[in-house]
Amino acid sequence: MRIATATFIVALLSITLPAAGAQAAPAEVNVRIEGRTETLFEGPILTEGHNVRASSDTKAPAAGRRCNGLNNGQNPTPGPTPTAASVDAMSIVGEDFDGLWYPEPFEDYFIKRWGPDTQNEGNGEFWGLLVNNVFTDVGGCQYELDAGDEVLWVYDAFKGKPLLALFPADYTGGARPLTAVAELNHPFDVEVDAYEDDDESTPPASPQRTGANPFEGAEVAQVETNAKGFEKVNVDDPDTVVTGADGQASVTFDEPGWYRLKATRIGSGGKEDVIRSNRLDVCVPESLATDCPPLAEDQVRTPPPIEAEEPEPEEPEAGKPEIGTGGPGSAAKSAAAGASPMADPGQVHLRLPRVDRSRVARGLVKVSWRVLDAGAGLEGWTISSKTLGRKGASYVTRARGKSGTSALLRLPPGAVYRLRITITDALGRCSTAAIGKVQVPA
């Protein structure tokens with residue numbers, strides 16, 4: 001049995017810090033947050049290491065705390081981390097987190113809350129972090145993820161409860177499947193395995209069946225998903241099945257459609273005495289020749305961009321360049337020429353955006369502009385950045401919106417970025433113009 005400090009053991013290493021400008025591309029990882037009685041989030045997301053800020057951390061810089069694997073010198077280059085990825089995941093469902101910040105030698109958050117579920121110190125119920133079914137030996141801002149890793153936060157993690165995993169019975173290895181296909185009115189076999197309370201020193205393997213054993217007595221039931229996206233295993237459903245000594249059970253679906261399954265077990269006290277399993281989404285088509293439309297939660301999701309700020313009043317400035325929708329390059333041409341509004345009333349014209357770098361030391365840059373002529377109507381805008389000096393770098397969206405005339409961008413430290421804005425009008429015409437370069441100190 002572990003004690004709560006297992007969430008936050010620190011390996012004291014001395015590692016050379018990266019040169020300024022070193023960046024890591026976003027990675028696809030699977031995030032699962034198993035709360036007190038519900039699953040708060042589950043599914044693949046695209047994420048990267050970035051600053052985060054706990055809800056009660058009033059001493060944190062405005063840009064938040066660093067959470068990109070460089071914390072405490074754990075890694076030579078920045079990358080995605082379990083805490084940053086989970087902050088992204090919770091932002092997708094409109095939730096946040098709380099934690100205690102520990103400076104050197106930790107430089108990490110001790111997580112107290114994800115979404116609605118706060119630790120209960122009196123009952124010894126704390127949040128624990130696993131990556132690929134193994135408890136991590138460092139905090140969630142120090143641990144650096146690889147593409148395909150599975151991040152799992154567990155409420156009340158340190159009671160030695162079995163960690164369940166749900167698979168189609170014919171699964172033989174590789175990445176854990178998110179979905180499966182079953183035949184209408186035919187038994188569909190599933191298997192529940194349990195991972196033991198693995199030691200932190202065990203190197204994490206890929207999230208598969210290795211290191212697990214069949215689990216008898218697991219209750220496999222359908223999942224109820226609320227409007228927020230939280231998932232609750234409905235073990236009171238009469239169609240719930242229980243696994244045998246081989247860890248297997250059969251489910252029969254008598255109507256076509258998607259079915260969501262998870263495995264758990266209710267103990268003698270009426271509470272779950274296991275760590276509930278991953279979700280398996282099963283498609284039951286009318287015939288096996290029918291395609292199954294994908295579910296959004298099984299597709300890669302991205303966190304929402306930073307919300308655009310409220311527009312600030314601004315008086316027109318004579319002779320200032322503008323951009324407008326139209327043919328390719330029209331925005332750049334009009335900006336370069338500094339021309340007055342074009343005659344075509346169908347085009348959207350913006351005053352060329354200006355950049356406020358007053359908060360760049362904290363990783364924040366404000367971009368503002370003014371709509372001169374709405375033309376056919378402004379459908380939306382996107383501001384993106386490209387890291388200069390990094391081979392193969394591409395533009396990354398930093399903010400988007402349908403209205404407003406300013407946006408606050410969060411840019412990772414230690415790099416120079418080129419910013420650009422793309423506007424789209426109601427007719428679907430797009431135009432892109434450069435905003436300028438911004439250097440964010442490390």
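The following exchange introduces a predicted protein model.

Trainee: On what basis are residues numbered and features reported?
Mentor: Residues are numbered from 1 along each chain as its sequence is written. The model is predicted, with local features needing pLDDT of at least 70, side-chain atom pairs counting only at pLDDT 80 or more, and totals for chains, interfaces and linings using all residues, while side-chain values use heavy atoms and leave out hydrogens and water.

Trainee: How many helices and strands are there in the protein?
Mentor: Helices (H or I, at least four residues) and strands (E, at least two) are DSSP runs, numbered from the N terminus. By that definition, the protein has two helices and 26 strands.

Trainee: What percentage of the residues of the protein count as buried?
Mentor: A residue is buried under 20% relative accessible area, exposed over 50% and partly exposed in between, with a 1.4 Å probe and protein chains only. Of the 442 residues, the buried share is 50%.

Trainee: Is strand 6 mostly covered or uncovered?
Mentor: Strand 6 spans residues 127–131. Trp127, Leu129 and Val131 point one way, Gly128 and Leu130 point the other way, and all are buried. With five of its five residues buried, strand 6 is mostly covered.

Trainee: Which residue in strand 8 stands opposite Trp127?
Mentor: Two strands pair if DSSP finds at least two bridges between them. Strand 6 and strand 8 (residues 150–155) pair in the antiparallel sense over five bridges. Opposite Trp127 in strand 8 stands Tyr155.

Trainee: Which residue in the turn of the hairpin of strand 6 and strand 7 has a positive phi?
Mentor: Strand 7 (residues 134–135) pairs with strand 6 in the antiparallel sense over two bridges, and Val134 is the bridge partner of Val131. Two residues lie between the strands of this hairpin. The positive phi, about 55°, belongs to Asn132.

Trainee: Why is Arg113 counted as buried?
Mentor: Arg113 is in strand 4 (residues 108–114). Residues that Arg113 touches (contact means heavy atoms within 4.5 Å) include Asp96, Thr118 and Trp127. Arg113 counts as buried because its relative accessible area is 13%.

Trainee: At what distance does the side chain of Arg113 make a polar contact with the side chain of Ser55?
Mentor: A polar contact is a pair of N or O atoms within 3.5 Å; within protein, one must be able to donate a hydrogen and the other to accept it, and residues adjacent in sequence count only if both atoms are side-chain atoms. The side chain of Arg113 reaches the backbone oxygen of Phe97 at 3.4 Å. For the side chain of Ser55, the distance is 3.0 Å.

Terms used: Lists of a residue's contacts leave out its neighbours within four places in sequence.
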